[in-house]
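Here is a set of short exercises to work through with the structure open beside you. Try each task before you read its solution.

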Amino acid sequence: MDTSRQRAEAAAFRTAWAGDWPGGVLSAACFLSTDGTGVLTYAQSAVDQPSTALPGTREQPLVYRLHHSITTPDDTRIPGCLVTALFATEGPERQHRFVDALLAALPEDEGHPGAISAHFHLSTDGTRLLNYTEWTSEQAHHEAAASGAHDELHELFTRFPGVRSLRGKRYHLAHALDAPG
């Protein structure tokens, strides 16, 4: 697997964010997919629209708001793998109903020991839902998937009205940057 394009994009990300930061942006991160095919950038902002364009972006990014998180307050494990699932949704009502259905389908126990957290982000225009999960390692996520722990959730992905699964990927962190100051 040739990851030279990914490495070049990660280097360009770091260079682009080395200058002036847009007002309101708190942090930015760059992740490289474990299959060598993708790059994910993620910026956290205290405002809906930063004061200027985000460095290194080719187009105006879609704005998401955090809707729900599943975390354990005393968990100090460092994520070794980020897993994303992206869905197209037919409006805010579908976004909320789908998250509610996913939460209801989660096991009542603590789940797989490699799972650290899950964060459900809803696009402000009602067209997308991003599930951003943190795992101890890529192997831990593989084990959870192989054990059938995700089967009920995957069933929801394929049959929930007004929601369509777009893609999912595993990533490793390349760069994490905090706003200067």
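## Exercise 1: Thr 127 in its loop

Task: Decide whether Thr 127 is buried, partly exposed or exposed, and find its surroundings.

Solution. Keep in mind throughout that this is a predicted model.

Step 1. Thr 127 has a relative accessibility of 28%, so it counts as partly exposed; the class runs between under 20% for buried and over 50% for exposed.

Step 2. Now place the residue: Thr 127 sits in the loop between E5 and E6.

Step 3. Look for contacts, setting aside neighbours within four places in sequence. Thr 127 is then in contact with Leu 62, Phe 87, Ala 88, Thr 89 and Gln 95.

Step 4. For a distance across the chain, take Ala 8: Thr 127 is 119 residues from Ala 8 in sequence, and their C-alpha atoms are 30 Å apart.

## Exercise 2: The length and faces of H2

Task: Check the length of helix H2 (residues 92-105), then work out where its buried residues lie.

Solution.

Step 1. H2 has 14 residues, and at 1.5 Å a residue it should span 20 Å. The expected span is 1.5 Å times one less than the number of residues. The C-alpha atoms at the ends of H2 are 20 Å apart, which agrees.

Step 2. List the buried residues of H2: Gln 95, Phe 98, Val 99, Leu 102 and Ala 105.

Step 3. Look down the helix axis. The buried residues of H2 fall within an arc of 130°, so they line one face of the helix.

Step 4. Turn to the face away from the buried side, where H2 carries the exposed residues Glu 93 and Ala 104.

Step 5. Ask what covers the buried residues of H2. The cover includes the strands E3 (64-70), E4 (81-89), E5 (115-123), E6 (128-135) and E7 (163-178), along with helix H4 (151-159).

## Exercise 3: Two more helices

Task: Repeat the face analysis for H4 and for H3.

Solution.

Step 1. In H4, Leu 153, Leu 156 and Phe 157 are buried. These residues cover an arc of only 105° around the axis, which puts them on the same side of H4.

Step 2. On the face of H4 turned away from its buried side, you will find the exposed residues Asp 151, Thr 158 and Arg 159.

Step 3. Among the elements that cover the buried residues of H4 are E4, H2 and E7.

Step 4. In H3, the buried residues are Ala 140, His 141 and Ala 144. Seen down the axis of H3, they fall within an arc of 100°, so they line one face of this helix.

Step 5. The buried residues of H3 pack against E4, E6 and E7. After H3 comes Gly 148, with a positive phi near 90°.

## Exercise 4: The second largest pocket

Task: Describe the second largest pocket by its volume and its lining.

Solution.

Step 1. The second largest pocket holds about 860 Å³ of space.

Step 2. Its lining has 36 residues, and those closest to the centre are Leu 106, Ala 115, Thr 133, Trp 135 and His 150.

Step 3. Sort the lining by character: 17 residues are nonpolar, 13 are polar and 6 are charged.

Step 4. Trace the lining back to its elements. At least two residues come from each of E4, E5, E6, helix H3 (138-146), H4 and E7, and E5 gives the largest share, 5 residues.

## Exercise 5: Three single residues

Task: Give the setting of Ser 27, Gly 80 and Arg 167.

Solution.

Step 1. Ser 27 belongs to strand E1 (residues 25-33). Its relative accessible area is 13%, so Ser 27 is buried. Not counting residues up to four places away in sequence, Ser 27 touches Trp 21, Tyr 42, Ala 43, Gln 44, Leu 177 and Asp 178.

Step 2. Gly 80 lies in the loop between E3 and E4. With a relative accessible area of 28%, Gly 80 is partly exposed. Leaving out residues up to four places away in sequence, Gly 80 touches Trp 135, Thr 136, Ser 137, Tyr 171 and His 172.

Step 3. Arg 167 is part of strand E7. Arg 167 and Ala 85 are 82 residues apart in sequence, yet their C-alpha atoms are 5.9 Å apart in space. Beyond four places in sequence, Arg 167 touches Thr 84, Ala 85 and Leu 86.

Methods: Residues are numbered from 1 along each chain as its sequence is written. This is a predicted model: local features need pLDDT of at least 70, side-chain atom pairs count only at pLDDT 80 or more; totals for chains, interfaces and linings use all residues. Side-chain values use heavy atoms; hydrogens and water are left out. Helices (H or I, at least four residues) and strands (E, at least two) are DSSP runs, numbered from the N terminus. Buried means under 20% relative accessible area, exposed over 50%, partly exposed in between (1.4 Å probe, protein chains only). The arc is that of the directions from the helix axis to the C-beta atoms. Contact means heavy atoms within 4.5 Å. On a 1 Å grid over the protein atoms alone, a cavity is a set of points where a 1.4 Å probe fits but cannot get out, and a pocket is an open set with protein on both sides within 12 Å along at least five of seven lines; lining residues have an atom within 4 Å of a point. Grid points are joined across faces, edges and corners, and a volume is the space filled by probe spheres set on the points. Ala, Val, Leu, Ile, Met, Phe, Trp, Tyr, Cys and Pro count as nonpolar, Asp, Glu, Lys and Arg as charged, and the others, Gly among them, as polar.
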